[in-house]
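Morning, everyone. I have one model to walk through today. Please have a look at it before I start.

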Amino acid sequence: YFFVKNALAVIRVFAKEVVEKVKELDEEKKKTEKAFHDFLPPSVVRDIKNKKQTADYFECVTIFFGDIIGFNLLTADCSATELIDFMNIFYGTLDIRFNKFRVYNVHSMSDEFMVVSGMPQEIGEEHVSEIAAMALDLLAGSVVFQIPHKPNKRIQIRMGFHSGPATGVVAGSRIPNYCVMCDTANVARVMEKMGEGMRIHISSTSKELLDKVGGYQCDSRGILDLGTKRGQIETFWLVGLDNQELNTDIGLPIKG
C-alpha cells in the first residue's frame with residue numbers, strides 16, 4: 001500500500017508538470033504564430049502551415065521606396081532613448097497608414113522603407129493606385145508629423161515607385177522573412193534616390209498604369225539616364241488626384 005500511495009503521488013506530480021509544459025508549449029506556439037503574422041503576409045503564413053511552395057512569380061506589381069532626408073542630422077545629437085522614441089513613433093505611424101491600403105510593408109531596420117502592392121495578394125491592376133493613394137497619404141501625413149525631440153522641425157520624405165514583375169520568396173526557417181526579388185525593386189529605389197524631398201517620383205511604366213486606372217494627376221519630370229542597362233526613360237511627379245481637393249490629414253479626397 002505504501003508503494004502504491006507513493007506511486008500515485010509521483011504520477012500526480014508528473015501529470016501536473018506535463019500539463020504545465022503543454023501550457024508553456026501552447027504559449028510559445030502562440031508567440032511564434034504572432035511573430036509569423038507580424039513579419040509575413042497572411043497568405044504566406046497559410047502556405048507555410050500547409051507546407052506549400054513559398055516562392056511565387058507575379059507578372060506585375062508596384063514597389064514603393066521612401067526615405068527620410070537628413071535622417072543622420074535629425075538623430076545625430078539625440079540620446080538613445082530619444083532615438084528609440086522617434087523610431088517607434090515614426091514606424092508606428094507608418095504601420096497605421098499602411099493598414100489603410102492593400103499593401104505589404106517589407107520590414108527593414110533602416111530609415112529607408114519599402115512597400116509593395118499586388119503581391120502576395122493579387123488585386124489586378126489596382127496595385128498601382130493603392131501605392132499612389134498610399135504615397136499621397138504619406139505626403140500629407142508627413143506635413144503634420146512632429147519629431148518628439150525636435151518639435152520645431154519637420155521630416156522631409158523622398159518617395160518613388162515603379163511597376164513591373166517580381167518574385168516573392170520566404171527566406172529563413174527560425175525567423176522567416178518575405179523577400180521581394182526583382183529588378184523592379186531596383187528601379188523603384190532609383191526613382192526614390194533620384195527624386196526630391198516631399199515629392200513622389202514615378203516611372204513611365206507606373207504612370208501609364210495610373211492613366212489606365214484613372215483618377216490621378218502627374219507632371220512630366222523629364223528624361224533621366226538610368227545607365228547602360230536601362231537607358232534613358234521619362235519619369236513623372238505624382239502630384240495628386242484629378243480635380244479633387246486633398247484632405248491634408250490623410251491625403252485622400254475630401255467628400256462632401
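I'll go through a central strand, then the cores, then one histidine, then the salt bridges. Keep in mind that this is a predicted model.

Start with strand β6, residues 200-203. Are its faces covered or open? Both are covered. I200 and I202 sit on one side, H201 and S203 on the other, and all four are buried. As a reminder, side chains in a regular strand alternate between the two faces of the sheet.

What does β6 pair with? Strand β4, residues 157-171, runs parallel to β6, with three bridges. There, H201 is the bridge partner of G160. Strand β8, residues 232-241, pairs with β6 in the antiparallel sense, over four bridges. In that pairing, S203 stands opposite T235.

Next, the packing. The largest nonpolar core has 37 residues. Which of them touch the most other members? They are F64, F86, F90, M134, F161, L210 and L238. Helix α5 is the top contributor to this core, with eight residues. Take L210 as an example. Beyond its sequence neighbours within four places, its contacts include F161, I202, Y216 and L238. So I202 from β6 turns up again here. A separate core of 19 residues lies apart from it, with F65, Y104, M114 and A166 among its members.

Now H149. Where is it? In the loop between α5 and β4. H149 counts as buried because its relative accessible area is 19%, and the cut-off is under 20%. Its side chain reaches the backbone oxygen of L74 at 2.8 Å. Leaving aside neighbours within four places in sequence, H149 contacts L74, C78, E82 and F86.

Right beside H149 in sequence is K150, in that loop between α5 and β4. K150 forms a salt bridge with D77, at 3.4 Å from N to O. D77 is in the loop between α3 and α4, and the two residues are 73 apart. Their exposure is quite unlike: D77 is exposed at 60%, whereas K150 is buried at 18%.

How many salt bridges are there? The count comes to 16. Another one joins K212 and E125, at 2.8 Å from N to O. K212 lies in helix α7 and E125 in the loop between β3 and α5, so this pair ties together parts 87 residues apart in sequence. K212 is exposed at 60%, and E125 is partly exposed at 38%.

E196 and R199 also pair, with their closest N and O atoms 3.6 Å apart. Finally, there is a network of salt bridges: D67, E112, R158, R189, E192 and K193 are linked in it.

That's my tour. Happy to go back to any part.

How values were computed. Residues numbered from 1 in each chain as written. Predicted model: local features only at pLDDT ≥ 70, side-chain atom pairs only at ≥ 80, totals over all residues. Heavy atoms only, no water. Buried < 20%, exposed > 50% of the residue type's maximum accessible area, 1.4 Å probe, protein only. Pairing = 2+ DSSP bridges. Polar contact = N/O pair within 3.5 Å; in protein donor to acceptor, adjacent residues only side chain to side chain. Contact = heavy atoms within 4.5 Å. Core = buried A, V, L, I, M, F, W, Y, C linked by side-chain atoms within 4.5 Å. Salt bridge = Lys/Arg side-chain N within 4 Å of Asp/Glu carboxyl O.
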